[in-house]
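Colleague: I'm new to this one and would like a close look at a single part. Could you walk me through the cysteines, then wander a little further?

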Amino acid sequence: MAKHVYDFTEGNRNLKDLLGGKGANLAEMTNLGLPVPPGFTITSEACRHYLAAGAVPDGLDQEVAGHLDALEKKMGRKLGQADDPLLVSVRSGAKFSMPGMMETVLNIGLNDESVHGLAKQAGGNERFAWDSYRRLIQMFGKTVLDIDGDLFERALDELKGRRQDTDLDAGELQGLVKTYKGIVREQTGKDFPADPLEQMRLAVMAVFDSWNAPRAILYRRQERIPADLGTAVNIMAMVFGNYGDDSGTGVAFTRDPGSGRQGIYGDYLQNAQGEDVVAGIRNTIPLEELERIDKHSYDELLGIMQTLETHYKDLCDIEFTIERGKLWMLQTRVGKRTAGAAFRIATQLVDQGLITLDDAVTRVTGDQLAQLMFPRFDAGAEKKKIAKGMNASPGAAVGKAVFSSERAVELTEQGEDVILVRRETNPDDLSGMIAAKGILTSRGGKTSHAAVVARGMGKTCVCGAEELEVNTRDGSFTAPDGVVVSEGDVISIDGTTGEVFLGEVPVVPSAVVEYFEGAEPGDELVKAVDRIMRHADAARRLGVRANADTPDDAARARRFGAQGIGLCRTEHMFLGERRQLVEDLVLASTDEERQAALDALEPLQKADFVRIFQSMEGDPVTIRLIDPPLHEFLPDIVDLSVKVATSPDVTEKDRKLLAAVKRLHEQNPMLGLRGVRLGLVIPGLFAMQVRAIAQAAKEVPGARPEIMIPLVAAVQELESVREEAAKILAEVGVEALIGTMIEVPRAALTAGQIAEAAEFFSFGTNDLTQMAWGFSRDDVESSFFHRYLDLGIFGVSPFETLDREGVGRLIKIAVEEGRAVRPDLRLGICGEHGGDPDSVHFCHEVGLDYVSCSPFRIPVARLEAGRAALSDTDSDTR
């Protein structure tokens with residue numbers, strides 16, 4: 001039979017999976033000889049069984065009874081014993097810290113009889129005993145019996161009036177107990193359970209159930225904690241901080257979790273139990289004040305803090321209680337910290353000889369680095385929040401609201417900062433997006449056009465703010481509270497939180513971005529980032545390239561550490577004034593007209609590629625031939641139809657254009673005439689692009705072009721394009737790799753065949769995810785993903801973090817079968833996942849050669865590639 005209960009003396013900190021973080025660390029402190037009240041832990045396996053089966057595992061009750069008996073013998077008294085009661089606490093403790101998300105019940109074992117025995121234990125302190133009893137009923141009622149906690153709080157507030165709770169005497173607290181028991185009876189129809197064993201059993205079940213409480217689910221989703229871990233339960237002999245002024249409770253950190261600076265940080269509260277500190281019902285005092293109140297306990301605590309930090313080799317978060325001058329340790333864990341503190345502490349610990357630089361790299365994360373890179377709003381500034389959407393691209397942006405790209409460009413040229421507000425964006429909005437300080441849309445998700453392009457440019461973006469009614473025609477939007485924002489009104493958007501504010505919120509710049517842009521490391525934080533980044537770069541195996549479409553993007557990517565371009569999208573080169581040439585191509589009715597349009601586009605394409613090759617200074621540049629359907633570059637079918645039907649100025653060209661748009665229009669263009677299919681259907685289109693690439697490469701010494709054919713599903717498609725491209729390259733006298741983008745599931749499943757014609761694969765995981773799941777990435781995030789997240793169907797959007805089981809398996813198949821045919825096959829990823837920390841680790845694990853991502857995510861990918869190489873990520877470091 002599986003063992004489901006462990007005494008604190010049986011565990012250690014390496015058993016987090018089984019005992020949870022709290023139980024494992026209580027066991028570790030016990031083994032270190034620190035003053036920990038005795039107790040035992042019910043494993044997370046028992047919780048998982050309970051949640052799945054609706055009942056505890058066979059034999060658990062007997063195991064708990066056996067450990068309780070041992071605890072009672074150790075303490076010399078029994079649970080709830082009338083004349084000399086043992087009381088226990090029942091606390092949650094998941095593998096990963098979830099502070100305040102699950103349940104705790106203190107003082108288990110008190111009833112109308114044992115309360116008198118507790119007073120006797122305390123030397124006749126009746127006030128302490130009745131205070132402990134009222135706390136049990138209050139916590140038990142709220143946590144276990146699911147009674148509205150406000151009912152208890154109101155009763156307490158009415159009793160104490162303007163006094164502190166410590167001013168209530170024993171008689172008043174005894175009356176409060178009676179009131180609380182009345183609330184329990186009224187709300188549940190039953191009396192408060194007097195049996196100590198029943199109290200403990202019900203409290204354990206409540207802790208198990210709290211794993212799936214709404215706040216716990218929300219927290220796990222935010223922190224990406226798996227939903228199937230469950231929580232352990234810790235049962236510990238009570239020690240009391242509410243005996244009087246010689247007792248108390250507190251929280252301490254071995255260094256400042258906000259800044260990382262060393263020193264004494266924490267709070268203490270006299271004559272209190274632990275929940276008083278957390279609830280803030282009384283003002284705490286700084287931990288330093290404990291030296292004056294109880295120097296012996298203070299000195300002992302400082303020594304233990306040093307012991308724990310040296311033992312754990314990290315910032316430790318500690319909870320403690322002092323009972324009549326005796327210090328007890330109730331919890332320790334590796335403390336949560338700000339992003340800045342994480343980098344500072346990691347390098348400090350290296351300098352102190354506690355960890356190596358390898359360890360330091362694994363102690364920080366790409367998410368933390370991203371937080372440091374983007375400008376942020378001043379936390380102390382006054383703000384008026386009017387809406388919230390998806391945090392699509394981090395940062396803080398302030399500007400005048402504008403509702404068209406033309407207006408964004410116009411005002412920017414006049415020196416104004418603007419926020420481009422749209423229902424959704426499309427390629428025509430690129431100029432406005434470039435001009436704007438930030439982008440706000442009422443539709444779309446984190447992989448919508450607005451989100452992807454904004455991240456690529458390092459623009460702050462909030463997408464899918466569905467609360468907003470955006471009227472682009474009138475140039476205004478209406479917020480839920482009736483606030484109307486018109487063109488020219490100033491708004492502020494927070495791409496880190498998704499919040500939208502009315503008016504200007506002060507912005508604090510990021511020194512870390514200035515460092516990546518080439519500034520010398522200045523302050524302590526930037527020096528810490530520089531030190532860790534250098535070590536990560538030296539350690540990583542994965543190369544890091546950029547998704548970049550313009551010379552400016554390419555230049556920025558190199559400054560940020562890119563080793564080449566993994567995706568240059570050529571479709572952005574067909575916008576603006578070149579749209580007319582695309583219209584000419586679509587309207588061509590003869591081979592001569594079509595060739596004339598292609599001949600006009602070719603020198604423009606060549607000039608684009610020349611500038612990009614020059615920007616990359618000999619690093620590889622992977623250029624994807626045109627991918628989207630042609631009709632995306634043409635006028636909107638509805639607008640054009642209205643114009644032809646109603647305008648007195650309609651021309652024959654308008655009619656021909658409408659006919660072409662109707663001919664090209666598709667119900668599902670993402671699965672239609674695009675990518676390699678477009679190149680095969682329109683003769684000369686791909687040839688023009690390949691020739692422009694070759695001629696540009698010949699003109700730029702050291703240029704290293706790689707030509708990527710998109711949307712290939714069958715090797716025959718690739719062979720047809722490859723043959724024509726190879727001839728053109730030979731004619732121009734330029735060498736270039738020819739490969740394909742693996743973005744169709746069939747391509748991954750036939751990778752062995754495709755590798756015979758491809759010199760490299762680049763996994764386009766945006767489309768691969770879309771097609772593998774059958775999701776429209778432009779629609780699903782805002783329409784039903786929130787429900788899927790609530791139901792736990794997935795813990796994070798598969799467009800945000802790579803789906804390892806489905807899409808990841810397709811990639812593994814393609815890697816294995818492709819390299820079996822062509823051992824030197826170059827493998828990369830160029831979807832949005834290339835900059836996602838968890839996805840970078842997957843790419844390292846399956847043996848890709850590089851990841852490619854938006855320029856502003858390059859430092860994140862560099863760091864995570866280093867972390868993956870050094871440790872394959874210790875998932876316990878959180």
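Colleague: How many disulfides does the count come to?

Modeller: Before the cysteines, a quick note: this is a predicted model, where local features need pLDDT of at least 70, side-chain atom pairs count only at pLDDT 80 or more, and totals for chains, interfaces and linings use all residues. Residues are numbered from 1 along each chain as its sequence is written, and side-chain values use heavy atoms, with hydrogens and water left out.

Now, the count comes to 0 disulfides, a disulfide being a pair of cysteine sulfur atoms within 2.5 Å. Take Cys 568: its closest cysteine sulfur belongs to Cys 830 and sits 11 Å away, so that's too far for a bond. Cys 853 is in no disulfide either, with the nearest cysteine sulfur, that of Cys 843, 10 Å off. Cys 568 is buried at a relative accessible area of 0%, and Cys 853 is buried too, at 1%. Here buried means under 20% relative accessible area, exposed over 50% and partly exposed in between (1.4 Å probe, protein chains only).

Wandering on, let's talk backbone. Most residues other than glycine have a negative phi. Asp 146 isn't a glycine, yet has a positive phi of about 60°; Asn 271, not a glycine either, has a positive phi of about 50°. Asp 146 is exposed, at 68% relative accessible area, whereas Asn 271 is buried, at 12%.
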